[in-house]
Amino acid sequence: MPYVAIVLLLLVVVIVVRAIRIVPQSRALVVERLGRFHTEMYAGLHLIVPFIDRIASQVDLREQVTSFPPQPVITADNVVVSIDSVIYYQVTDPRSATYEIANYISAIEQLTVTTLRNVIGSLDLEQTLTSRDDINSRLRGVLDEATGRWGIRVNRVELKAIDPPPSIQQAMEQQLRAERDKRAAILTAEGVRQSQILQAEGEKQSEILRAEGFAQARVLEAEGESRAIQQVFEAIHRGDADPKLLAYKYLEMLPELSKGQGSKVWVVPTELTAALSAISTGFTGEEK
């Protein structure tokens with residue numbers, strides 16, 4: 001009898017342990033009863049019927065990230081590129097993910113490869129390298145539509161790398177280098193041209209200012225000489241000098257007048273003729 005009680009107690013413990021199921025957060029259990037789908041159990045404490053109910057699968061409901069190995073794809077201009085893709089997906093229906101597809105990871109990978117070939121096959125190499133957002137959107141639309149009946153939602157599709165063949169990469173690098181050299185040469189030539197223009201403008205302004213300064217200097221010099229002569233004439237006239245002295249002063253000023261660069265026209269007053277006549281009379285001793 002004690003052995004029977006122990007066996008019954010152990011059996012009860014095993015039944016209780018098998019009947020209690022604790023489901024973690026963001027997980028789901030798919031339960032079968034006698035081989036057929038029975039229910040889905042989400043986070044919390046649950047009870048099942050031992051030896052009748054069976055856990056068919058435990059599904060992770062969190063968003064998953066799967067990276068697929070690089071795939072060779074041919075573009076519209078017959079260039080083979082290697083594309084490395086990443087899929088962000090989430091299981092929304094544990095029942096469909098368990099019964100509608102045997103291995104949804106492998107199915108998503110194969111669907112991604114075939115969709116990539118269809119999309120890239122309609123684009124040339126340049127469009128493939130510059131249209132990642134468009135390719136991602138088209139891939140996501142096709143994958144989301146196909147995986148919807150599997151209880152899976154594709155949130156994002158990203159192309160990690162698009163690698164052309166080494167020969168194409170070298171040609172592209174040479175083209176980019178040539179474009180950079182061309183832009184640098186254009187910028188250098190433009191800088192030289194602007195520098196020459198500015199230098200010519202500066203020299204022009206300098207010559208203009210130099211000519212204006214020289215002209216103003218000559219004008220001021222002529223005005224100064226004119227004022228000096230006028231002051232001398234006025235001083236002589238105020239002193240009431242006799243004709244001989246006046247003639248002498250006029251003759252004395254003639255060399256000074258000839259030195260001035262601004263003296264183009266000489267004004268000979270009437271007194272100078274009279275004075276010269278007086279000097280001539282003085283030397284000859286004749287009177288008119």
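Partly exposed means a relative accessible area between the buried limit of under 20% and the exposed limit of over 50%. Tyr 99, at 37%, therefore counts as partly exposed. The legends below describe close-up views of a predicted model.

**View 1. The whole chain comes to eight helices and eight strands.** Average pLDDT for the chain is 80, and 80% of the residues score at least 70. Strand S2 (residues 27-33) has the highest mean pLDDT among the elements, at 93. Helix H8 (residues 270-284) has the lowest, at 55. Where pLDDT is low, predicted coordinates should not be read in detail. Of the 288 residues in the chain, 24% are buried. Take the contacts between residues at least 6 apart in sequence: 64% of them join residues at least 24 apart.

**View 2. Strands S6, S7 and S8 form an open, antiparallel sheet.** The order is S6-S7-S8. Strand S6 (64-74) and strand S8 (152-163) stand at the edges. Each has a single partner strand, so one side of each lacks a neighbour in the sheet. Neighbouring strands are turned by 25 degrees against each other on average, direction ignored. Strands of a sheet pair through backbone hydrogen bonds.

**View 3. S6 pairs with strand S7 (residues 80-91) over nine bridges.** The pairing is antiparallel. Two bridges serve as landmarks. Val 65 has Tyr 88 of S7 as its bridge partner. Pro 72 has Ser 82 of S7 as its partner.

**View 4. S7 and S8 are joined by 10 bridges.** These two strands also run antiparallel. One bridge to look for links Val 91 with Ile 152 of S8. The charged end of Arg 156 sits over the ring of Tyr 88, 5.3 Å from the ring centre. Tyr 88 is also the bridge partner of Val 65.

**View 5. Helices H3 and H5 meet the sheet.** Helix H3 (residues 104-120) lies across S6, S7 and S8. H3 runs at about 40 degrees to S6. Helix H5 (residues 132-147) packs on the sheet and touches S7 and S8. The direction of H5 makes about 145 degrees with that of S8.

**View 6. Phe 37 and Tyr 99 form an edge-to-face aromatic pair.** A search of the whole structure finds two aromatic pairs, and Phe 37 with Tyr 99 is one of them. Their centres are 6.0 Å apart, with 80 degrees between the planes. The pair links distant parts of the chain. Phe 37 belongs to strand S3 (residues 36-41) and Tyr 99 to helix H2 (residues 94-99), 62 residues apart. Phe 37 has 27% relative accessibility and counts as partly exposed. Tyr 99 is partly exposed too, at 37%.

**View 7. Tyr 89 and Tyr 104 make an edge-to-face pair.** Their ring centres lie 6.1 Å apart. The planes stand at 75 degrees, which is over the 60 degrees that edge-to-face requires. Tyr 89 is in strand S7 and Tyr 104 in helix H3, 15 residues apart. Tyr 89 is buried, with a relative accessible area of 5%.

**View 8. Arg 18 places a charge over the ring of Phe 51.** The charged end of Arg 18 is 5.1 Å from the centre of that ring.

**View 9. Leu 34 takes a positive phi in the loop between S2 and S3.** The value is near 55 degrees. Most residues other than glycine have a negative phi. Leu 34 is exposed, with a relative accessible area of 69%.

**View 10. Asn 78 takes a positive phi in the hairpin of S6 and S7.** Five residues lie between the two strands of this hairpin. Asn 78 is found in that loop. The phi of Asn 78 is near 60 degrees, a positive value in a residue other than glycine. At 67% relative accessibility, Asn 78 counts as exposed.

Key
Residues are numbered from 1 along each chain as its sequence is written. This is a predicted model: local features need pLDDT of at least 70, side-chain atom pairs count only at pLDDT 80 or more; totals for chains, interfaces and linings use all residues. Side-chain values use heavy atoms; hydrogens and water are left out. pLDDT is the predictor's confidence in each residue, from 0 to 100. Helices (H or I, at least four residues) and strands (E, at least two) are DSSP runs, numbered from the N terminus. Two strands pair if DSSP finds at least two bridges between them. Axes are lines fitted to C-alpha atoms, for helices over the stretch in contact, and angles run from 0 to 180 degrees between N-to-C directions. Contact means heavy atoms within 4.5 Å. Rings of Phe, Tyr and Trp (its six-membered ring) pair if their centres lie within 6.5 Å; planes under 30 degrees apart count as stacked, over 60 as edge-to-face and the rest as tilted. Buried means under 20% relative accessible area, exposed over 50%, partly exposed in between (1.4 Å probe, protein chains only). A charge sits over a ring if NZ of Lys or CZ of Arg is within 6 Å of the ring centre and within 35 degrees of the ring normal.
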